[in-house]
Amino acid sequence: MFDRIRLRLTAAYVGILALILVLFGVVAVFFFREQAYARQDELLLQEARSKKASLLEGREEDFLHTPGEPTYAAWGKVAPDGRIDPSPGTAEMFDLFSVEQARQAVREQEASLSTIEGREGALRIASLPVMRAGKVVKVVQTGQSRQEVQGNVNQLVLILVPTGFGALALAAVGGLFMSRRAMQPVRDAFDRQRT
């Protein structure tokens, strides 16, 4: 009878802790992912500003992609009629240049961020207009696969799950120990009454 009560107390304790850990884990992963996406956007905009400066200085060779770099960059020339012609090379190779996003950046004359589907999955794109004499003459786009962020989120989950199971195992052992100590006075009183 007392052993069953001990097991029920321990199971309730572990169950409540499991619920708390699951809620904490979901919230932690959600906030981590949102922060990682915001950081990715910040880095893409920073890279776009750097590439914009390269274009203004006439250093188009800065757009060549270095293998192993997770960020891609491309640029397009804005014609007087508003048509946008992507630069040759990197844009076609990596499905990076999004004409629609470039048009939006030209229209608004400010940076814009969007997610597009590429050959290798979702790409986060930052578009930044390049202005000369008050007119938009080029558009710079930098992009990075969303898989870069998702990989970090997956690593966090791989850390949280075993840690959570370890915490539950320790809680079960501790719960059994504490429930034995808590039930001991009741058991002693019950034994005295029976005697």
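This is a short dialogue on how to read the predicted model shown above.

Trainee: Where do I start with a predicted model?

Mentor: Start with confidence. The protein chain averages a pLDDT of 84, and 91% of the residues score at least 70.

Trainee: Which elements have the lowest and the highest mean pLDDT?

Mentor: Helix H2, residues 90–94, has the lowest, at 49. Helix H1, residues 2–56, has the highest, at 90. Where pLDDT is low, the predicted coordinates should not be read in detail.

Trainee: Next, helix H3. Which of its residues are buried?

Mentor: Look for residues under 20% relative accessible area. In H3, which spans residues 99–108, Gln101, Ala102, Ala105 and Val106 are buried.

Trainee: Why are those four on the same side of H3?

Mentor: Because they cover an arc of only 140 degrees around the axis.

Trainee: What do the buried residues of H3 pack against?

Mentor: They pack against five strands: S1 (71–78), S2 (84–86), S3 (112–118), S4 (121–132) and S5 (135–145).

Trainee: Which residues make up the largest nonpolar core?

Mentor: There are 8 residues in all: Ala74, Val78, Ile84, Phe97, Ala102, Val106, Val136 and Val139. S1, H3 and S5 each supply at least two residues of this core. You have met Ala102 and Val106 already, as buried residues of H3.

Trainee: What follows H3?

Mentor: Glutamine 109 does, and its phi is positive. The angle is about 55 degrees, although glutamine 109 is not a glycine. Glutamine 109 sits in the loop between H3 and S3.

Trainee: Is glutamine 109 buried, exposed or partly exposed, and why?

Mentor: Glutamine 109 counts as partly exposed because its relative accessibility is 45%.

Trainee: What is the phi of alanine 133?

Mentor: Alanine 133 has a positive phi of about 55 degrees, and it is not a glycine. Alanine 133 lies in the loop between S4 and S5. Alanine 133 is exposed, with a relative accessible area of 85%.

Trainee: Now pockets. What is the volume of the largest pocket?

Mentor: The volume is about 310 Å³. The pocket is lined by 15 residues. Closest to its centre are Leu21, Val22, Leu160, Val161 and Gly164.

Trainee: Which helix gives the largest share of that lining?

Mentor: H4 does, with 8 residues. H1 and H4, the latter spanning 147–194, each supply at least two residues of the lining.

Trainee: How do I read single residues in H1? Take glutamine 40.

Mentor: Ask two things: how much is accessible, and what is touched. Glutamine 40 is in helix H1. Glutamine 40 counts as buried because its relative accessibility is 2%.

Trainee: What does glutamine 40 touch, beyond residues up to four places away in sequence?

Mentor: Glutamine 40 touches Arg124, Gln144, Ser145, Arg146 and Val149. Arg124 falls within the range of S4, and Val149 within that of H4.

Trainee: And leucine 9: buried, exposed or partly exposed?

Mentor: Leucine 9 is in helix H1 too. At 43% relative accessibility, leucine 9 counts as partly exposed. Setting aside residues up to four places away in sequence, leucine 9 touches Ser179 and Met183.

Trainee: How far is leucine 9 from threonine 163?

Mentor: The two are 154 residues apart in sequence and 23 Å apart in space, C-alpha to C-alpha. Now take alanine 12, also in helix H1. Its C-alpha atom is separated by 9.4 Å from that of glycine 175, 163 residues apart along the chain. At 42% relative accessibility, alanine 12 counts as partly exposed.

Trainee: Which residues does leucine 156 touch, not counting those up to four places away in sequence?

Mentor: Leucine 156 lies in helix H4. Leucine 156 touches Ala28, Val29 and Phe32. For a distance, compare alanine 111: it is 45 residues from leucine 156 in sequence and 31 Å in space, C-alpha to C-alpha.

Trainee: How far is aspartate 188 from leucine 156?

Mentor: Aspartate 188 is also in helix H4. The two are 32 residues apart in sequence and 47 Å apart in space, C-alpha to C-alpha. Aspartate 188 is partly exposed, with a relative accessible area of 33%.

Technical notes:
Residues are numbered from 1 along each chain as its sequence is written. This is a predicted model: local features need pLDDT of at least 70, side-chain atom pairs count only at pLDDT 80 or more; totals for chains, interfaces and linings use all residues. Side-chain values use heavy atoms; hydrogens and water are left out. Buried means under 20% relative accessible area, exposed over 50%, partly exposed in between (1.4 Å probe, protein chains only). The arc is that of the directions from the helix axis to the C-beta atoms. Contact means heavy atoms within 4.5 Å. pLDDT is the predictor's confidence in each residue, from 0 to 100. A nonpolar core is a set of buried Ala, Val, Leu, Ile, Met, Phe, Trp, Tyr and Cys residues joined through side-chain atoms within 4.5 Å. On a 1 Å grid over the protein atoms alone, a cavity is a set of points where a 1.4 Å probe fits but cannot get out, and a pocket is an open set with protein on both sides within 12 Å along at least five of seven lines; lining residues have an atom within 4 Å of a point. Grid points are joined across faces, edges and corners, and a volume is the space filled by probe spheres set on the points.
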